[in-house]
Amino acid sequence: MPSRPKNGSFVIGPNASRGLRLSLAVVAACLTATGLYGVLRVIQAILFREADPALVIWSPHAGYFWRILIVGYVGGMVGFGTWILAAREPARVARFLSNAVFVVTALLVAQALFVP
């Protein structure tokens, strides 16, 4: 359970509450899905050229929806693993996720610049 020391910052102890574990799992799932989308978009743009959407009226294989389904599935798996890991090391998981925000941001910026 997080406790509040005299200096005003929170300390995460070894016994994490369910709410803390759930929030860490959701953050991990969202970060994974977001970062993986950028990576998957770049890979698909380089390896598989898609048809011009203005020329295609309807396509049974819409790349965007497949990417969303894949990253959502993988993000859910990572979130479940984070739920388990946060039971033992919540402070380490929180520290890792706070650093992962910058990595995911860099991935999305690179994807937006090079493969719009």
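Which helices do the buried residues of H2 pack against? Keep that in mind as you walk through this predicted model; the reply comes when we reach H2.

**Stop 1: the whole chain**

Start with everything shown as a cartoon. The chain has three helices and zero strands, and reading along the sequence gives the pattern α-α-α. Now switch on the surface. The accessible surface comes to about 8,400 Å², and carbon and sulfur atoms account for 71% of that. Of the 116 residues in the chain, 27% are buried. Contacts are worth a thought too: among those with a separation of 6 or more, 75% are between residues 24 or more positions apart.

**Stop 2: helix H2**

Select residues 63–85, which form H2. Try a distance check between the C-alpha atoms at its two ends: they are 33 Å apart, in agreement with the 33 Å that 23 residues should span at 1.5 Å a residue.

Next, colour the buried residues of H2: Gly-63, Arg-67, Val-71, Gly-75, Gly-79 and Thr-82. Look at how their numbers are spaced, and recall a general point about helices. An α-helix has 3.6 residues a turn, so residues three or four places apart point the same way. Here is the reply to the opening question: the buried residues of H2 pack against H1 and H3.

Zoom in on three residues of this helix.

- Thr-82 has a relative accessible area of 9%, so it is buried, since the limit for buried is under 20%. Beyond its sequence neighbours up to four places away, Thr-82 touches Leu-24, Ala-25, Ala-28 and Val-93.
- Gly-79 is also in H2, and its relative accessibility of 8% means that it counts as buried. With residues up to four places away left out, Gly-79 touches Ala-25 and Ala-29. Draw a line from the C-alpha of Gly-79 to that of Ala-28: these atoms are separated by 5.5 Å, although the residues are 51 apart along the chain.
- Gly-72 belongs to H2 as well. Is Gly-72 buried or partly exposed? Gly-72 counts as partly exposed because its relative accessibility is 41%. From C-alpha to C-alpha, Gly-72 and Ala-33 are 5.7 Å apart, with their positions 39 residues apart in sequence.

**Stop 3: helix H3**

Move on to residues 90–114, helix H3. Its end C-alpha atoms are 36 Å apart, which agrees with the 36 Å that its 25 residues should span at 1.5 Å a residue. Show the side chains of Pro-90, Val-93, Leu-97, Ala-100, Val-104 and Gln-111, which are buried in this helix. The buried residues of H3 pack against H1 and H2.

**Stop 4: the nonpolar core**

Which residues make up the largest nonpolar core? Select Leu-20, Leu-24, Ala-28, Leu-31, Ala-86, Val-93, Leu-97, Ala-100 and Val-104, nine residues in total. H1 and H3 each supply at least two of them.

Leu-24 is a good place to pause. Setting aside residues up to four places away in sequence, Leu-24 touches Thr-82, Ala-86, Pro-90, Val-93, Ala-94 and Leu-97. You have already met Thr-82, which lies in H2.

**Stop 5: a buried arginine**

Now find Arg-41 in helix H1. Its relative accessibility is 15%, so Arg-41 counts as buried. Show the residues around it: apart from neighbours within four places in sequence, Arg-41 is in contact with Arg-67, Gln-111, Val-115 and Pro-116. The C-alpha atoms of Arg-41 and Arg-67 are separated by 7.5 Å, while the two residues are 26 apart along the chain. Arg-67 is one of the buried residues of H2, and Gln-111 is one of those in H3.

**Stop 6: a nonpolar patch on the surface**

Finish on the outside. Turn the surface back on and colour Val-39, Ile-43, Ile-46, Leu-47, Phe-48, Val-103 and Leu-107, which make a nonpolar surface patch of about 660 Å². Helices H1 (18–47) and H3 (90–114) are the elements that give two or more residues to this patch. Which helix gives the most? That is H1, with four residues. One of the patch residues is Val-39, found in H1. With a relative accessibility of 32%, Val-39 counts as partly exposed.

How values were computed. Residues are numbered from 1 along each chain as its sequence is written. This is a predicted model: local features need pLDDT of at least 70, side-chain atom pairs count only at pLDDT 80 or more; totals for chains, interfaces and linings use all residues. Side-chain values use heavy atoms; hydrogens and water are left out. Patches are made of residues with over 30% relative accessible area and no salt bridge: like charges are joined within 9 Å, nonpolar side chains (Val, Leu, Ile, Met, Phe, Trp, Tyr) within 5 Å. Accessible areas come from the Shrake-Rupley method with a 1.4 Å probe; for residues, only the protein chains shown count as cover. A salt bridge is a side-chain nitrogen of Lys or Arg within 4 Å of a carboxyl oxygen of Asp or Glu. Buried means under 20% relative accessible area, exposed over 50%, partly exposed in between (1.4 Å probe, protein chains only). A nonpolar core is a set of buried Ala, Val, Leu, Ile, Met, Phe, Trp, Tyr and Cys residues joined through side-chain atoms within 4.5 Å. Contact means heavy atoms within 4.5 Å. The expected span of a helix is 1.5 Å times one less than its number of residues.
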